[in-house]
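Got the viewer open? Let's take a short walk through this one, picking out a piece at a time.

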There are 4 protein chains.
Amino acid sequence: MKKDKPKYRQIIDAAVIVIAENGYHHAQVSKIAKQAGVADGTIYLYFKNKEDILISVFKEKMAVFVGNLQDIIRDGTSSSEKLKAMIENHFQVLANDHHLATVTQLELRQSNKEVRLKINMILREYLILLDDILIEGMETKEFNPEMDIRLARQLIFGTVDEVTTSWVMNDHKYDLVELAPKVQHLILSGIKA
Amino acid sequence: MKKDKPKYRQIIDAAVIVIAENGYHHAQVSKIAKQAGVADGTIYLYFKNKEDILISVFKEKMAVFVGNLQDIIRDGTSSSEKLKAMIENHFQVLANDHHLATVTQLELRQSNKEVRLKINMILREYLILLDDILIEGMETKEFNPEMDIRLARQLIFGTVDEVTTSWVMNDHKYDLVELAPKVQHLILSGIKA
Amino acid sequence: MKKDKPKYRQIIDAAVIVIAENGYHHAQVSKIAKQAGVADGTIYLYFKNKEDILISVFKEKMAVFVGNLQDIIRDGTSSSEKLKAMIENHFQVLANDHHLATVTQLELRQSNKEVRLKINMILREYLILLDDILIEGMETKEFNPEMDIRLARQLIFGTVDEVTTSWVMNDHKYDLVELAPKVQHLILSGIKA
Amino acid sequence: MKKDKPKYRQIIDAAVIVIAENGYHHAQVSKIAKQAGVADGTIYLYFKNKEDILISVFKEKMAVFVGNLQDIIRDGTSSSEKLKAMIENHFQVLANDHHLATVTQLELRQSNKEVRLKINMILREYLILLDDILIEGMETKEFNPEMDIRLARQLIFGTVDEVTTSWVMNDHKYDLVELAPKVQHLILSGIKA
DNA sequence: GATGAATGAGACTTCATTCAT
DNA sequence: GATGAATGAAGTCTCATTCAT
């Protein structure tokens, strides 16, 4: 499996750094190769093309969010607690890796429709887990059982995403994780029963 | 003033159509010129460069939102009513012009950091009016006086934006304006006192 | 019509020279552009892509052969005379332009299957005229009325082509046109009644 | 001697198949290695470089033609009979191995000048034997003693080659060997006394 | 002898912008 | 003011060959 070889991760990590520092459109393959410490051609032993690198970056990093969220769902007590944990986790992961935050919130969004579509497919997995929490909370009557799940999901993801993007655009100059309690409260007030 | 000449508007309108139909990255200046019925060179008599066209498109179209919102603020009764009107207006304007919706929600976001920063500057005018509504509501105690205005703004804009983007991504296949009451309720529950 | 503009011919002529002097695989677009005295991009105002240049070179130059052959057919007396004139014309045109001879006999044959197929399509026009001469000669009994036209055509074209290619491979170091009478005699002995 | 080891032949045979099935320009060394069932690097234990493979393919296969032709010359009665046998043999060998025919008539001709020159050197051995037949025939007055040997050779080889190439280009869809008598007749009429 | 992961040079094409008419 | 022909910079990917194991 290519993904288990050390160079695979080297290239993924190099791509995050190069994209964050140079911007999406100036992240040439040769720059990524140099940052990863491999030859240009080596990139193509591990990735089909440049697009594949970008999508793989998103996929690999998203796996962290999804993995954490699965733990949260398994270990959480109430649906509210799970939702709060999800929000905090989202902030924490990105606050811990400024490069990654810049890449997911700003740079990767400049990609063309094809890449964006594939990114959305990957994102869907995360959103389905969010839906699971919402459904559970509606069944236990923690959340308003009458609410529109899709809109609730869009409220939550839209808010979390907007808060994060603003933080990145302001050069991470304040503490993102610190905002979690207030965001949790705003969102929960909106959806609870 | 160049903006009052007919070709200025012709080019702006052509740009919206060309970007919506071809996507941001395939919206060449020559295509916009052809759609506008002018020569390539003529574009540069009205705009400094391609970036200037894109920013002008956003600026001109944003003026509609801002104008409407100013009317809403002037004519509205309570802060809640104003906020509700704002949300409905946002949906209505974009539901009425699918090309514009595609351009603002999907295509223009593919622009580079520089353009996006300028777009954010323009957006700020709109968000300041939103802040005005929020401040007023907090003063009249309609909204929670303790809440963080910035986060409240991000909740509202993030949600409205996410709902709209999802609608565009689903090819406008359901009625966006119809969603307004539920979105208003979700948001107001979150921020009201 | 692009073909009538001076730059079209400039580029065609430049391509012949560059291919002859550098070889098919080292005839970069930028070299052709420089030889033609235009910018790289200008090439693409007149040709769809590099392949299109190569095919156009062959098409334009082949037109000379075809044009001459049409004159020969119109003006010739007997079929034998027409065939002899065709052979001599073939040698003369290539003997007069060593660059062209190198390109058609050696370099263009290194092209990929797609280009070669298109080249063959163009060549067909020439071969059809040759067939016309053969058919006429068989009807007038100048040529053996029982012979296989396709084989006769292959004898003629194969011989003329082989003689020319050998001449090019020997660096044009002897007089090609001088060989015409002997070649004519060999071929005519084979096909005459 | 490397040539006697089994892998040498394996690679030669693999090259013929890969070139015939993929075309000259898509016959990568790695494909040939895989077809031969050896590692990429192993190729270089038996051949100096890729060019060497191609030339060796031609050399090995040409040996069959030369061997047959030597038998023909030794066993033949008259020069005409020898020439006829040569033509028939040429057709038979290629008709019996369609892959080989495709490779020699179409694919190998796409090689660069350097390779083609070396191929011509190998071909020379075959053409010298042909010359031997012609000289003998001129001495015995079977053939026109005044004719230009080089041109006669080019007539014969050019015709045989053109007939074969056309057959390959038409996907071997008719019987090549069946054409031999007519081709022999056309050619002999041209050169006989 | 055999392997196969790694190397790195090299070129076609697009498109925003200019400027002579 | 309007035109549109011309410009030229810039980057992805392939594949023959090597060499440590």
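How many nonpolar, polar and charged residues make up the surface near DNA strand F? There are 10 nonpolar, 14 polar and eight charged. Near means that a residue's C-beta atom, placed from the backbone, lies within 6 Å of the strand. As for the classes, Ala, Val, Leu, Ile, Met, Phe, Trp, Tyr, Cys and Pro count as nonpolar, Asp, Glu, Lys and Arg as charged, and the others, Gly among them, as polar.

Before going on, some housekeeping: residues are numbered from 1 along each chain as its sequence is written, while chains are lettered from A and ligands numbered from 1 in the order in which they are written. The model is predicted, so to speak of local features takes a pLDDT of at least 70, side-chain atom pairs count only at pLDDT 80 or more, and totals for chains, interfaces and linings use all residues.

**Stop 1: the DNA.** Select strand F and look for Ala39(B), Gly41(B), Ala39(C), Gly41(C) and Thr42(C), which come nearest among the 32 residues around it. Elements giving two or more residues to this surface include helix H3 (40-46) of chain B and helix H3 (40-46) of chain C. (Helices are DSSP runs of H or I with at least four residues, and strands are runs of E with at least two, numbered from the N terminus.) Now switch to strand E: 32 residues surround it, and the closest are Ala39(A), Gly41(A), Thr42(A), Ala39(D) and Gly41(D).

**Stop 2: residues 28-47 of chain A.** An unreviewed UniProt entry lists this span as "DNA-binding region"; such annotations may be inferred rather than shown by experiment. The span is 75% helix and 0% strand, with its end C-alpha atoms 14 Å apart.

**Stop 3: where A meets B.** Show chains A and B together: 28 residues of chain A are in contact with 27 residues of chain B, contact being C-beta atoms, placed from the backbone, within 7 Å. On chain A's side, H8(A) gives the most, with 12 residues. That side divides into 12 nonpolar, 10 polar and six charged residues.

**Stop 4: H8 of chain B.** Select residues 149-169 of chain B. At 1.5 Å times one less than the number of residues, this 21-residue helix should span 30 Å, and its end C-alpha atoms are 30 Å apart, which agrees. Buried residues in H8(B) include Leu151(B), Ile156(B) and Trp167(B); buried means 20 or more other C-beta atoms within 10 Å of the residue's own, all placed from the backbone. Just after H8(B), Asp171(B) takes a positive phi of about 60 degrees.

Conventions:
Two residues are in contact if their C-beta atoms, placed from the backbone, lie within 7 Å. A residue is buried if 20 or more other C-beta atoms lie within 10 Å of its own, exposed if 12 or fewer, and partly exposed in between; C-beta atoms are placed from the backbone.
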